[in-house]
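Please open the model in a viewer and keep the sequence panel visible. The tour below proceeds by selections, each followed by a description of what is to be found there.

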Amino acid sequence: MHIGGNRSNLLVALAACLMLACGRGRHETTESYILVTTNTRIAYWQEAAKGLETAARQLGVKWEMIGPENYDPAAEKEELQKAVHRQIPPSGIMVSAADPAIMREAIDAAAAAGIPVITIDADSPGSKRLTFVGTNNYEAGQTGGEILAKELKGKGNVVVYTMPGQANLEERLEGYKRVLARNPGIRIVQVVDVAGDPGKAFDATKAFVEKGKPIPDAFVCLEALSCAEVADVLDRSKIRDKTVIAMDTSEGTVNWLDKGMIRATIAQKPYTMAYFATRLLDDYHHNKAASTDPGGSRATTPVFIDTGATLVDKTNVASFLPARMASR
């Protein structure tokens, strides 16, 4: 019986070793996952990089975020093409398509090379990406539109800051327009192309203030970089009766919201997008789970995975302030 016990313990130990070996064997030492985007230094993408890093650490694989530090879709495409043609290509790629048309060719080339590609944050729906992981941007726009209509009491002129041609921002604008269609007294009088440069938002807002004509009643930012600049200009000019609705939770945006210059912002989840997409890519890479019929009734891959969004206003802004976020 004593001998039998030793044998049992030996079998258990052997099974445990085999399981550990299998766990290690799933991932090669060269396995890596890459995120390709623009404006890589902004807080939004640094948060996404943390999600990628966490997933990669859990999987025991390498990770990297690449792309231009400014808003440059052509440079983003070039970075993706370089990644595809590396001597040891990545095991999977996440792409935020700053320009869906420009990125489509590079995404398709990656797919043709056998590299699974998932779009996050900004989609390229005409490409051969496997799925899109991100915000339901149309609903986010509707949420902002409802706040706008309530604040303006159904009447007023609005300026929108965006980057025309970027699919996720166009969807947000359509969400706003859906709400404004029920509020004909509210009109979008100008759309400002910030081209990824917050300085353009500052200059445009300053021009509105300095014209001497009636200043727009509301300012809506469909991307993360503009509304802190808008609030700064209005604050310097001591204009405090305007409605400003932002997107995302950069430090500047949250601070101006806390001060009352921004009415609300809609927070996305870049960490979740990158984390979950990395796990999906790992599954595709190892199990070849990608559907060969993505539009079919038995597709194994959903077209869109909604990571959700949070409305941030005075009632909950404290939990998004930099000091609170740093303590998490």
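At 52% relative accessibility, Glu105 counts as exposed, and this residue is a convenient place to begin. Please bear in mind throughout that the model is predicted.

**First stop: a bridge between two helices**

Select Glu105 together with Lys77. Their side chains meet in a salt bridge, with 3.2 Å from N to O. The pair links distant parts of the chain, since Glu105 belongs to helix H4 (residues 100–112) and Lys77 to helix H3 (residues 73–84), 28 residues apart. Is Lys77 buried or exposed? Lys77 counts as buried because its relative accessibility is 18%, and the cut-off for buried is under 20%. Glu105, by contrast, is exposed at 52%. A search of the whole structure finds nine salt bridges, and two others are visited later in this tour.

**Second stop: the open sheet**

Show the strands as a cartoon. Six strands form an open sheet, and their order is E2-E1-E3-E4-E5-E11 with parallel pairing. Which strands lie at the edges? They are strand E2 (62–66) and strand E11 (304–306), each of which pairs on one side only. From one strand to the next, the twist averages 20 degrees. In general, the strands of a sheet pair through backbone hydrogen bonds, either parallel or antiparallel.

Now zoom in on strand E3 (residues 92–95) and E4. These two strands run parallel and are joined by three bridges. To see one residue pair, select Met94, whose bridge partner in E4 is Ile118.

**Third stop: helices on the sheet**

With E3 and E4 still in view, add H4, the helix that holds Glu105. H4 packs on the sheet and touches E3 and E4, its direction making about 145 degrees with that of E4. Next, select helix H2 (residues 43–59). This helix lies across strand E1 (32–36), E2, E3 and E4, and runs at about 165 degrees to E2.

**Fourth stop: the loop after strand E4**

Follow the chain into the loop between strand E4 (117–120) and strand E5 (132–134), where Asp121 is placed. Asp121 is not a glycine, yet its phi is positive, at about 70 degrees. Asp121 counts as buried, with a relative accessibility of 6%.

Select Asn168 in helix H6 next. What does Asn168 touch, apart from residues up to four places away in sequence? The contacts are Asp121, Ala122 and Asn137. Asn168 itself is buried, at 3% relative accessibility.

Then display the side chains of Asp123 and Arg129. They meet in a salt bridge with an N to O distance of 2.7 Å, and both residues are buried.

**Fifth stop: from helix H5 to a later loop**

Select Glu146 and Arg182. These residues form a salt bridge in which the closest N and O atoms are 2.7 Å apart. Glu146 lies in helix H5 (residues 137–152), and Arg182 in the loop between helix H6 (167–180) and strand E7 (186–193), so the pair ties together parts that are 36 residues apart in sequence. Glu146 counts as partly exposed at 41% relative accessibility; Arg182 is also partly exposed, with a relative accessible area of 49%.

**Sixth stop: aromatic rings**

A search of the whole structure finds five aromatic pairs. Select Phe132 and Phe304, whose ring centres are 5.5 Å apart; their planes are at 15 degrees, so the pair is stacked. Phe132 lies in strand E5 and Phe304 in strand E11, so parts 172 residues apart in sequence are tied together. Phe132 is buried, at 5% relative accessibility, whereas Phe304 is partly exposed, with a relative accessible area of 33%.

Another selection to make is Tyr161, Phe208 and Phe219, which form one aromatic cluster.

**Last stop: Asp248 and Lys259**

Turn to the loop between strand E9 (243–247) and helix H9 (251–259), where Asp248 is found. What is the phi of Asp248? The angle is near 75 degrees, a positive value in a residue other than glycine. Asp248 is buried, with a relative accessible area of 5%.

Finally, select Lys259 and Trp256. The charged end of Lys259 sits over the ring of Trp256, 4.6 Å from the centre of that ring.

Key
Residues numbered from 1 in each chain as written. Predicted model: local features only at pLDDT ≥ 70, side-chain atom pairs only at ≥ 80, totals over all residues. Heavy atoms only, no water. Salt bridge = Lys/Arg side-chain N within 4 Å of Asp/Glu carboxyl O. Helix = DSSP H or I, 4+ residues; strand = E, 2+ residues; numbered from the N terminus. Buried < 20%, exposed > 50% of the residue type's maximum accessible area, 1.4 Å probe, protein only. Contact = heavy atoms within 4.5 Å. Pairing = 2+ DSSP bridges. Axes fitted to C-alpha atoms, helices over the stretch in contact; angles between N-to-C directions. Phe/Tyr/Trp six-rings, centres within 6.5 Å; stacked < 30°, edge-to-face > 60°. Lys NZ or Arg CZ within 6 Å of the ring centre and 35° of its normal.
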